[in-house]
Amino acid sequence: MKSFIVFALFVAAAVAAPVSPDGDAQILRYDSDNIGVDGFNYAYETSNGIKGEETGVLQNVGSEDEGIAVRGAYSYVGDDGKTYLVTYIADKNGFQPTGDHIPQA
C-alpha cells in the first residue's frame with residue numbers, strides 16, 4: 001500500500017510540473033532564398049528566442065570528392081537566461097561547431 005501511495009505522489013508531481021513554453025513557440029521568420037541542386041540557404045527565428053541560419057554549397061562538382069559544404073549558426077536562450085551562440089562548418093571533415101560554451105580540444 002505504501003508503494004502505491006509513493007507512486008501516486010510521483011505521478012501527481014509529474015502531472016503538476018510546469019509545461020515548457022517551447023511547445024507553444026511560434027515561427028516569427030523563415031527565409032529560404034535559394035534551394036537548388038548546387039546549394040541552399042535559409043534563416044529562421046522563433047518566439048522563444050531560437051534563431052538559425054545556414055548556407056550550403058556543392059563543391060568539387062563531378063569529381064570523386066563532390067560534396068556539400070555547409071556554414072551556419074544558431075542561438076538559443078538557456079535555462080540560465082543567457083543566449084548561447086553556436087557557429088559551425090560541416091563538410092568533408094565533419095561537423096565542426098564553435099561557441100564560447102563549447103569546450104575546445
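Begin by selecting Gly99, which touches Leu85 and Gln104 once residues up to four places away in sequence are set aside. The model on the screen is a predicted one. Gly99 is found in the segment that follows strand E6. With a relative accessibility of 16%, Gly99 counts as buried, because the limit for that class is under 20%. Add Val86 to the selection: the C-alpha atoms of Gly99 and Val86 are separated by 4.8 Å, although the two lie 13 residues apart along the chain.

**The end of the sheet at E5 and E6**

Next, select residues 83–91, which make up strand E5, together with residues 94–98, which make up strand E6. E5 and E6 pair in the antiparallel sense, over five bridges. The two strands form a hairpin, with two residues between them. To follow the register, display Thr87, which stands opposite Thr98 in E6.

**The whole sheet**

Now widen the view to all the strands. The sheet is open and has six strands in the order E1-E2-E3-E4-E5-E6, with antiparallel pairing. Which strands stand at the edges? They are E1, residues 27–36, and E6, residues 94–98; each has a single partner strand, so one side of each is left without a neighbour in the sheet. On average, neighbouring strands of this sheet are turned by 10° against each other, direction ignored.

**Strands E3 and E4**

Select residues 51–59 for strand E3 and residues 67–77 for strand E4. These two strands run antiparallel and are joined by nine bridges. A convenient pair to display here is Leu58 and Ile68: Leu58 stands opposite Ile68, which is in E4.

Stay on E4 and select Ser75, which lies in this strand. Is Ser75 buried or exposed? Its relative accessibility is 11%, and Ser75 therefore counts as buried. Show the surroundings of Ser75 next. Leaving aside neighbours within four places in sequence, Ser75 is in contact with Gly49, Ile50 and Lys51, and also with Thr83, Tyr84 and Leu85. Val86, already selected at the start of the tour, can be examined from here as well: Ser75 and Val86 are eleven residues apart in sequence, and their C-alpha atoms are 6.2 Å apart in space.

**Aromatic rings**

Display the aromatic side chains. The structure holds six aromatic pairs. One of them is formed by Tyr42 and Tyr44, whose ring centres are 6.3 Å apart and whose planes meet at 20°, so the pair is stacked. Tyr42 is partly exposed, with a relative accessible area of 26%, and Tyr44 is also partly exposed, at 25%.

Then move to Tyr76 and Tyr84. Their ring centres are 5.5 Å apart and their planes stand at 25°, so this pair is stacked; the angle for that class must be under 30 degrees. Tyr76 is partly exposed, with a relative accessible area of 29%, whereas Tyr84 is buried, at 19%. Tyr84 has appeared before on this tour, as one of the contacts of Ser75. Extend the selection to Tyr74, Tyr88 and Phe95: together with Tyr76 and Tyr84, these residues are linked by ring pairs into a cluster.

**Charged side chains**

For the last stop, select Arg29, Asp31 and Glu45. How many salt bridges does the structure hold? There are two. In one, Arg29 is joined to Asp31, with the closest N and O atoms 2.8 Å apart. Arg29 counts as partly exposed at 32% relative accessibility, and Asp31 is partly exposed as well, with a relative accessible area of 33%.

In the other, the side chains of Arg29 and Glu45 meet at 3.9 Å, N to O. Arg29 lies in strand E1 and Glu45 in strand E2, residues 39–46, so the pair ties together parts that are 16 residues apart in sequence. Glu45 is partly exposed, with a relative accessible area of 24%. Keep the three residues on display together, since the bridges share partners and join Arg29, Asp31 and Glu45 into one network.

Conventions: Residues are numbered from 1 along each chain as its sequence is written. This is a predicted model: local features need pLDDT of at least 70, side-chain atom pairs count only at pLDDT 80 or more; totals for chains, interfaces and linings use all residues. Side-chain values use heavy atoms; hydrogens and water are left out. Two strands pair if DSSP finds at least two bridges between them. Helices (H or I, at least four residues) and strands (E, at least two) are DSSP runs, numbered from the N terminus. Axes are lines fitted to C-alpha atoms, for helices over the stretch in contact, and angles run from 0 to 180 degrees between N-to-C directions. Buried means under 20% relative accessible area, exposed over 50%, partly exposed in between (1.4 Å probe, protein chains only). Contact means heavy atoms within 4.5 Å. Rings of Phe, Tyr and Trp (its six-membered ring) pair if their centres lie within 6.5 Å; planes under 30 degrees apart count as stacked, over 60 as edge-to-face and the rest as tilted. A salt bridge is a side-chain nitrogen of Lys or Arg within 4 Å of a carboxyl oxygen of Asp or Glu.
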